[in-house]
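Here are a few exercises to try with the model open in your viewer. Take each task in turn, then compare your reasoning with the worked solution.

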Amino acid sequence: MAISLEQRIEETNERAKRMKENDSFFYLKSIEGSSGAHTRIEGREMLMFASYNYLGLISHPKVKEAAKKAIDEYGTGAAGVRFLAGTTRAHEELEKKIAQFKKTDDAVTYSSGYVTNLAALTTLCQRGDLLIMDKLVHASIIDGCILSGANHRSFLHNDMDSLERILAQSDGYQNKLIVIDAVYSMDGDIANLPEISRLAKKYKAKLMVDEAHSIGVIGKTGHGIEEYFGLENSVDIYMGTLSKTIPAIGGYLAGDKDLISFLKLSSRPFIFSASLPPVAVLTAKACFEVIENEPELVVQLQKNMKQFREGLQEMGYNTGNSETAIVPIMVGDEEKTLQLCKKINEEGVFICPILFPAVPRGTNRLRAHVLASHTAEDIEKALDIFKQAGKSLGII
Ligand SMILES: *Cc1c(COP(=O)(O)O)cnc(C)c1O
């Protein structure tokens, strides 16, 4: 029998209360001021290792200037849904910029990355279609899949035999869509795009890639997963957020012009939800321009990723298959994960634990995010703290 709402409320709140009593509740901490490599959190100066601000664009002078100008020109909101009175010239400029950045015909934006995945999957798939997902795709893809009403299958994480087994049994479906993350948000590893794209073509499935953590992070100039592998036109639908490397709010889909036009004419979040405020839109546009004009930021980030990951590996930490700015520090046991997190936060590094059910049972971990704005000394200091803490708890 299903448990009552009262019981669910109590269980959830009790768990949080127990964690708070043990000083192990690392969530909902209040950040003071803008979030950089050094950030004030609840009155303490901390070294930030939990932020998505990979390239430091949150406080980039050109980005801030664009945001201020946008307010002067457009005011605070767009006063409508995109479909009716909410499309401004700023929205059109951003979508053009994204299309150019992703080398597609066109793009469409939505009010968050989460909503973007719901929009894509509910518009492109319906009952009777088949959605095939990697087991570790983002929650918003899973939710979009459920909402679409399509049949769905998951393949083992980044396992090409598992994917092909599902495709080989998919003959009865006219429409098949494979959905993957470019960089997996809890593991920091990179999807095997060359092989997935080959299988998609072989079995006449369309391919959608969520680039939330790949834009500005992988590829020589931060253009994402295709640049990383030296591929072109291997993907049908590119999805990205405007909330991570691009520190505004929103999400986008990019692809060929008929597909984008179809999304604009029929996706429900485009028609029934208010459009992005122009200030977010022009902030995002300025961020894409900075990534293109200052490739040294991406070079610095990639150097930092390597220094941090290799430092942890050398001292014996398990960082899974991470190759990106997301570095999981695998612990396994929940209690140990929380102890490690507590020690590290006490020493002044802000990092959060990722626990079941956000990750599979028994794979509890800390998740570090490396930033371009970390100096080599910041990384050395953090590594030192990880070393002391890991040794004292017998993790390394
Ligand atoms: C963060 C994230 C999203 C959701 O984006 P928001 O802009 O935060 O709503 C979608 N997909 C992946 C892989 C993400 O990491």
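**Exercise 1. A strand and its partners**

In this predicted model, find how strand β9 (residues 237–241) pairs with β10, then work out which other strand pairs with β10 and whether the residues of β10 are buried or exposed.

*Solution.*

Step 1. β9 and β10 run antiparallel to each other and are joined by four bridges. For a landmark, look at Gly 240, which lies opposite Tyr 252 in β10.

Step 2. Strand β4 (residues 106–110) also pairs with β10 in the antiparallel sense, here over five bridges. In this pairing Ala 107 faces Ala 254 of β10.

Step 3. Now sort the side directions: Gly 251, Leu 253 and Gly 255 point one way from β10, while Tyr 252 and Ala 254 point the other way.

Step 4. Buried means under 20% relative accessible area. Five of the five residues of β10 (residues 251–255) are buried, so this strand is largely enclosed by the rest of the structure.

**Exercise 2. An open sheet and a helix**

Work out the strand order of the open sheet that contains β1 and β12, and identify its edge strands.

*Solution.*

Step 1. The order is β1-β2-β3-β12, four strands with mixed pairing.

Step 2. β1 (31–32) and β12 (349–350) each pair on one side only, which makes them the edge strands.

Step 3. Look at one pair: β1 and strand β2 (residues 38–41) are antiparallel, with two bridges between them. Ile 31 is found opposite Ile 41 of β2.

Step 4. Helix α14 packs on this sheet and touches β2, β3 (44–48) and β12. The direction of α14 makes about 95 degrees with that of β3.

**Exercise 3. Two helices side by side**

Describe how helix α12 (residues 296–314) packs against helix α14 (residues 376–392), and say which kinds of residue make the contact.

*Solution.*

Step 1. The two helices pack at an angle of about 20 degrees, and their axes are 10 Å apart.

Step 2. Angles under 35 degrees count as roughly parallel, so α12 is roughly parallel to α14. The crossing of α12 past α14 is right-handed.

Step 3. List the contact: α12 contributes Asn 304, Gln 307, Phe 308, Gly 311 and Leu 312, and α14 contributes Ala 376, Ile 379, Glu 380, Ala 382, Leu 383 and Phe 386.

Step 4. Sorting these contact residues by type gives seven nonpolar, three polar and one charged.

How values were computed: Residues numbered from 1 in each chain as written. Predicted model: local features only at pLDDT ≥ 70, side-chain atom pairs only at ≥ 80, totals over all residues. Heavy atoms only, no water. Axes fitted to C-alpha atoms, helices over the stretch in contact; angles between N-to-C directions. Parallel < 35°, antiparallel > 145°, perpendicular 65-115°, else oblique. Left-handed = near helix turned anticlockwise from the far one by under 90°. Contact = heavy atoms within 4.5 Å. Nonpolar A, V, L, I, M, F, W, Y, C, P; charged D, E, K, R; others polar. Pairing = 2+ DSSP bridges. Buried < 20%, exposed > 50% of the residue type's maximum accessible area, 1.4 Å probe, protein only.
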